[in-house]
Amino acid sequence: MKLNIAFPTTGCQKFVDIDDEKRLRTLYDKRISQEVLGEDLGEEFNGYVFRISGGNDKQGFPMKQGVLLNTRARLLLSDGQSCFRARRSGERKRKSVRGCIVGPDLSVLNLVIVKKGDTDIPGVTDLSTPRRLGPKRASKIRKLFNLAKEDDVRKYTIARTFEKKGKKVVKRPKIQRLITPVTLRRKRVRNAAKVAALQKTKADAAEYAALIQKRLAEQKAARKSEISKRRSSRRSSKKQAENN
């Protein structure tokens, strides 16, 4: 079985091939996220504490946390769950996954160093891999370099230099959420547009209310005149009947 040992502090990892069944028995029947003592895996790991973070069986199926089996299972997976990437919204798929209990059918087991031991592991704890990319968001750059609000964040971006077609190229990330005079002006324009739209809505509502009142008054006056006309016509018809 291959052990993929990773050390997050240095960002390094290394494959270690162990064929001794006695050493591997200490890993069997343990689950993902459980801790393993380094002494059980060999003298070179004295003092180390490892945490099981995953693995693959000999057919390449990944281990899934929460599946309490040491064999494979077919699960109906949806978006947001591990071991599945949805291609369409709402998509679900039945897929084979390996249970989270370690067994002899695994080909690779991933281990993370929780506690460093007495001696260094060559290629893991004695090296340091620098981060290729720095932070991109303005607030995270300020936090990394302990900057004040007045400092110019653009001067502190981490650049990456490489050669392309015989030319030296320097790449810097585009800073996100950077407050500039342009963004402030756009914000003022947006706020002014909101205020203008609100005032226009209020003016339109007042104009509509006045128009409704005017229409109601006109309807009331028209009805009043119609009623007075009917009354006058009735009176005139009565007078004619009396005269006849």
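Arg98 is buried, with a relative accessible area of 0%. This charged side chain has a partner: Arg98 forms a salt bridge with Asp105, and their closest N and O atoms are 2.7 Å apart. Asp105 itself is partly exposed, at a relative accessible area of 27%. The model described here is a predicted one.

## Salt bridges

The structure holds 9 salt bridges in total. One of them joins Arg72 to Asp57, with 2.8 Å between the closest N and O atoms. This pair links distant parts of the chain, since Arg72 belongs to strand β5 and Asp57 to strand β4, 15 residues apart. Asp57 counts as buried because its relative accessible area is 2%, whereas Arg72 is partly exposed at 39%.

Another salt bridge is found within a helix. The side chains of Glu218 and Arg215 meet at 3.9 Å, N to O. Both residues lie in helix α3, 3 residues apart, which is about one turn of the helix. Glu218 is partly exposed, with a relative accessible area of 41%, and Arg215 is likewise partly exposed, with a value of 42%.

The three pairs are set out below.

| Pair | Closest N to O distance |
|---|---|
| Asp105 and Arg98 | 2.7 Å |
| Arg72 and Asp57 | 2.8 Å |
| Glu218 and Arg215 | 3.9 Å |

In addition to such pairs, Asp20, Arg23 and Glu44 are linked in a network of salt bridges.

## Strand pairing around β7

Strand β7, which spans residues 106-115, pairs with strand β1, residues 2-7. The two run parallel and are joined by 5 bridges. Within this pairing, Ala6 has Val112 of β7 as its bridge partner.

Strand β7 also pairs with strand β4, residues 49-57. Here the strands run antiparallel, and 8 bridges join them. Gly55 stands opposite Leu109 of β7. Asp57, the buried partner of Arg72 in the salt bridge described above, belongs to strand β4 as well. In a regular strand, side chains alternate between the two faces of the sheet.

## Loop residues

Several loop residues merit individual description. Pro135 lies in the loop between β7 and α2, the latter covering residues 138-145. Is Pro135 buried or exposed? Pro135 is buried, because its relative accessible area is 16%, and buried means under 20%. The C-alpha atom of Pro135 is separated by 8.7 Å from that of Ile175, although the two residues are 40 residues apart along the chain.

Ile32 is found in the loop between α1 (21-24) and β3 (35-37). Ile32 is also buried, with a relative accessible area of 10%. The C-alpha atoms of Ile32 and Gln59, 27 residues apart along the chain, are separated by 19 Å.

Two further loop residues have a positive phi value although neither is glycine. Cys83 has a phi near 70°. Cys83 is located in the loop between β5 (72-78) and β6 (92-98), and is partly exposed, with a relative accessible area of 25%. For Asn146, phi is near 55°. Asn146 lies in the loop between α2 and β8, where β8 covers residues 160-164. Asn146 counts as exposed because its relative accessible area is 71%, and the cut-off for exposed is over 50%.

## Surface patches

The loop between α2 and β8 also holds Ile158. At 37% relative accessibility, Ile158 counts as partly exposed. Which residues form a nonpolar patch on the surface with Ile158? They are Leu144, Phe145 and Tyr156, and the four together have about 350 Å² of accessible area.

A patch of another kind, one of positive charge, is also present on the surface. Arg185, Arg186, Lys187, Arg188, Arg190 and Lys194 gather there. Arg190 lies in helix α3, which spans residues 181-243. Helix α3 is also the location of the salt bridge partners Glu218 and Arg215.

Methods: Residues numbered from 1 in each chain as written. Predicted model: local features only at pLDDT ≥ 70, side-chain atom pairs only at ≥ 80, totals over all residues. Heavy atoms only, no water. Patch = residues over 30% accessible without salt bridge, like charges linked within 9 Å, V, L, I, M, F, W, Y side chains within 5 Å. Areas by Shrake-Rupley, 256 points an atom, 1.4 Å probe, with all protein chains shown as cover. Lys, Arg positive; Asp, Glu negative; His and termini not counted. Charge placed at Lys NZ, Arg CZ, Asp CG, Glu CD. Helix = DSSP H or I, 4+ residues; strand = E, 2+ residues; numbered from the N terminus. Pairing = 2+ DSSP bridges. Buried < 20%, exposed > 50% of the residue type's maximum accessible area, 1.4 Å probe, protein only.
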